[in-house]
Amino acid sequence: MKHNKKLTSLAQGLRKQMTKEEKQLWYQYLREYPVQFRRQVTCGQYILDFYCAKAKLAIELDGSQHYEPESAKEDTIRTQYLESLGIMVLRFPNNAIWDNLRGVCEQIDLSVNDRL
């Protein structure tokens, strides 16, 4: 993975200011997951919400702005870049964290196990 030192301080700030949805997923599931996930990891020109290096799996939580045409286009480019590095990207809308956390966690677990 291509670490970007220029984004390190921004990533550190984002770790301190996680969204409610990121906090929920982190503290209710990923923090204690048996395979290590990290928060706000730099990769090229991007910062990944959550990343599991062992499984090469990125998890992105998308707020409403991600569904605007320009943002959706940028997300597609981002996903293509990450996939070119062999990283699988799982995207979940923020409301899935509140409406179906169990389903989100099951999907993450399945994806990690498939990639290991």
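Select R102 to begin: in this predicted model, its relative accessible area is 66%, so R102 is exposed. Now add E106 to the selection. The two side chains meet in a salt bridge, 3.2 Å from N to O. Why do R102 and E106 sit about one helical turn apart? Because they are 4 residues apart in helix α5. E106 is partly exposed, with a relative accessible area of 42%.

**Colour by confidence**

While helix α5 is on screen, switch to pLDDT colouring. Helix α5 covers residues 101–115 and has the highest mean pLDDT among the elements of the chain, at 98. For the other end of the scale, go to helix α1, residues 8–16, where the mean is the lowest, at 60. Across the chain the mean pLDDT is 88, and 82% of the residues reach 70 or more.

**Into the nonpolar core**

Next, select L25, L30, F37, F50, I59, I108 and V112. These are the residues with the most contacts inside the largest nonpolar core, a set of 23 residues. Which elements each supply at least two residues of this core? Show α2 (20–28), β2 (46–52), β3 (57–62), β4 (88–93), α4 (94–99) and α5, and you have them. Helix α5 gives the most, with 5 residues.

Now centre the view on L30. Leaving aside neighbours within four places in sequence, L30 is in contact with L25, F37, F50, I59 and I108. When you have finished there, pick V41, Y51, L82 and L85, which are included in a second, separate core of 9 residues.

**Ring by ring**

The whole structure has 4 aromatic pairs. Select W26 and F50 for a stacked one: the ring centres are 6.0 Å apart, with 10° between the planes. W26 belongs to helix α2 and F50 to strand β2, so this pair ties together parts 24 residues apart in sequence. Are W26 and F50 buried or exposed? Both are buried.

For a contrasting geometry, move to Y33 and F37. Their centres are 5.7 Å apart and their planes stand at 75°, so this pair is edge-to-face. Y33 counts as buried at 9% relative accessibility, and so does F37 at 3%. Add Y29 to the selection, and you have the one aromatic cluster formed by Y29, Y33 and F37.

**Charges across the fold**

Back to salt bridges, of which the whole structure has 4. Select R78 and E60, whose side chains meet at 3.2 Å, N to O. R78 is in helix α3 (residues 69–84) and E60 in strand β3, so to speak a link between distant parts of the chain, 18 residues apart. Both R78 and E60 are buried.

Stay on strand β3 and select D62 together with R91. Their salt bridge has an N to O distance of 2.7 Å. This pair also links distant parts of the chain, with R91 in strand β4 and D62 in strand β3, 29 residues apart. How accessible is each partner, R91 and D62? R91 is partly exposed, with a relative accessible area of 27%, whereas D62 counts as buried at 5%. Bring in D75 as well, since D62, D75 and R91 are linked in a network of salt bridges.

**A stop at D49**

Now select D49, which is found in strand β2. Its relative accessible area is 9%, so D49 is buried. What does D49 touch, not counting residues up to four places away in sequence? Expand the selection to E22, R38, R39, Q40, I59, E60 and L61. For one of these neighbours, draw a line between C-alpha atoms: D49 and R38 are separated by 8.4 Å, and they are 11 residues apart along the chain.

**Last stop: the cysteines**

Finish with C43 and C52. C43 is buried, with a relative accessible area of 0%, and C52 is buried too, also at 0%. How many disulfides does the structure hold? The number is 0.

Terms used:
Residues are numbered from 1 along each chain as its sequence is written. This is a predicted model: local features need pLDDT of at least 70, side-chain atom pairs count only at pLDDT 80 or more; totals for chains, interfaces and linings use all residues. Side-chain values use heavy atoms; hydrogens and water are left out. A disulfide is a pair of cysteine sulfur atoms within 2.5 Å. Buried means under 20% relative accessible area, exposed over 50%, partly exposed in between (1.4 Å probe, protein chains only). pLDDT is the predictor's confidence in each residue, from 0 to 100. A nonpolar core is a set of buried Ala, Val, Leu, Ile, Met, Phe, Trp, Tyr and Cys residues joined through side-chain atoms within 4.5 Å. Contact means heavy atoms within 4.5 Å. Rings of Phe, Tyr and Trp (its six-membered ring) pair if their centres lie within 6.5 Å; planes under 30 degrees apart count as stacked, over 60 as edge-to-face and the rest as tilted.
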